[in-house]
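Let's take a walk through a protein structure together. Have the sequence and the 3D view ready, and follow along one step at a time.

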Amino acid sequence: MSVTHLDHVAIATPDLDIGSTPYLALGLHPEGPDEDVNGQGVRVRAFMVGETLIELLMPTRPDSPIAAYLEKRGPGLHHTAYRVADLDAEMTRLRAEGARFLSDAPAPGRAGTRVAFLHPKWGAGTLIELVEHLRGQAGFDGTGV
Ligand SMILES: C[C@@H](C(=O)O)C(=O)SCCNC(=O)CCNC(=O)[C@H](O)C(C)(C)COP(=O)(O)OP(=O)(O)OC[C@H]1O[C@@H](n2cnc3c(N)ncnc32)[C@H](O)[C@@H]1OP(=O)(O)O
Ligand SMILES: [Co+2]
């Protein structure tokens with residue numbers, strides 16, 4: 001099995017509190033404290049909806065991909081992320097099918113995950129992320145291991 005869940009939907013925002021307003025009004029609550037993912041230049045606030053997170057992303061430095069996105073497109077939907085049990089295997093499989101990853105190797109994501117992004121052109125106009133959770137981590141169902 002390859003993809004097992006819609007892991008998260010990510011929204012770019014210049015301000016986590018402003019970006020949170022609709023989700024708080026919908027009755028959702030942040031999952032723990034905000035987290036800085038320094039490799040990506042983002043601060044993340046996550047809201048759980050069923051088994052899927054809404055991930056609010058605020059840039060933490062001018063060269064963050066989120067800063068570039070806000071500049072070009074303004075606040076809004078940034079990417080969708082799909083959970084896989086074995087990210088290395090999935091990257092190998094997709095590369096063999098011509099997929100265009102934005103980095104050679106997985107990078108650290110939120111909450112101890114490993115992540116990799118596929119080019120929006122390959123994604124037919126949307127940025128797609130693959131996520132692998134650590135074994136035993138909340139939300140990890142062990143599928144495929
Ligand atoms: C914390 C972690 C986690 O989940 O745990 C995260 O999510 S961190 C999330 C933040 N990290 C990332 O996003 C890392 C991967 N992202 C990147 O490397 C970059 O943002 C790119 C996706 C390559 C886009 O960069 P940039 O716009 O400078 O490149 P580019 O000008 O070559 O763009 C190529 C084309 O893709 C479009 N494009 C850019 N960003 C897009 C997006 N988010 N969704 C859909 N299309 C997008 C551009 O408008 C352009 O289209 P046209 O050619 O038609 O004009
Ligand atoms: Co993400």
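Start with strands β5 and β8, which run parallel to each other and are joined by five bridges. To see one of these bridges for yourself, look for Thr80, whose partner in β8 is Ile128. Please keep in mind as you explore that this is a predicted model.

Now turn to another partner of β5, the strand β1. Here the pairing is antiparallel, with eight bridges between β1 and β5. His5 is a good place to look, as its bridge partner in β5 is Arg83. Strand β1, which covers residues 3–12, also pairs with β4, and these two run parallel with five bridges between them. In that pairing, Ala10 has Glu55 of β4 as its bridge partner. Remember Glu55, as we will meet this residue again.

Let's put these pairs into the whole sheet. The sheet is open and has eight strands, in the order β2-β3-β4-β1-β5-β8-β7-β6, and its pairing is mixed. Why does each of the strands β2 and β6 have one side without a neighbour in the sheet? β2 (35–37) and β6 (107–108) are the edge strands and have a single partner strand each, so one side of each is left without a neighbour there.

Next, find ligand 1. The space that ligand 1 takes up is the largest pocket. Which elements give two or more residues to the shell around ligand 1? They are β3 (42–49), β4 (52–59), α2 (65–73), β5 (76–84) and β8 (127–132). Of the contributors, α2 gives the most, with four residues.

What kinds of residues make up this shell? Sorted by class, ten are nonpolar, eight are polar and six are charged. There are 24 residues around ligand 1, and those that come nearest are Gln40, Glu55, Lys72, His78 and Arg110.

Zoom in on some of the contacts, and here is Glu55 again. An N or O atom in the side chain of Glu55 is 2.8 Å from an oxygen atom of ligand 1. For Lys72, a polar side-chain atom lies 2.7 Å from an oxygen atom of the ligand. His79 also takes part, with a side-chain N or O atom 3.0 Å from an oxygen atom of ligand 1. How much of ligand 1 does the protein bury? On its own, ligand 1 exposes 1,000 Å², and the protein buries 71% of that.

Technical notes: Residues are numbered from 1 along each chain as its sequence is written. Chains are lettered from A and ligands numbered from 1 in the order in which they are written. This is a predicted model: local features need pLDDT of at least 70, side-chain atom pairs count only at pLDDT 80 or more; totals for chains, interfaces and linings use all residues. Side-chain values use heavy atoms; hydrogens and water are left out. A residue is near a molecule or strand if one of its heavy atoms lies within 4 Å of it. A polar contact is a pair of N or O atoms within 3.5 Å; within protein, one must be able to donate a hydrogen and the other to accept it, and residues adjacent in sequence count only if both atoms are side-chain atoms. Accessible areas come from the Shrake-Rupley method with a 1.4 Å probe; for residues, only the protein chains shown count as cover. On a 1 Å grid over the protein atoms alone, a cavity is a set of points where a 1.4 Å probe fits but cannot get out, and a pocket is an open set with protein on both sides within 12 Å along at least five of seven lines; lining residues have an atom within 4 Å of a point. A molecule sits in a cavity or pocket if more than half of its atoms lie within 2 Å of its grid points. Ala, Val, Leu, Ile, Met, Phe, Trp, Tyr, Cys and Pro count as nonpolar, Asp, Glu, Lys and Arg as charged, and the others, Gly among them, as polar. Two strands pair if DSSP finds at least two bridges between them.
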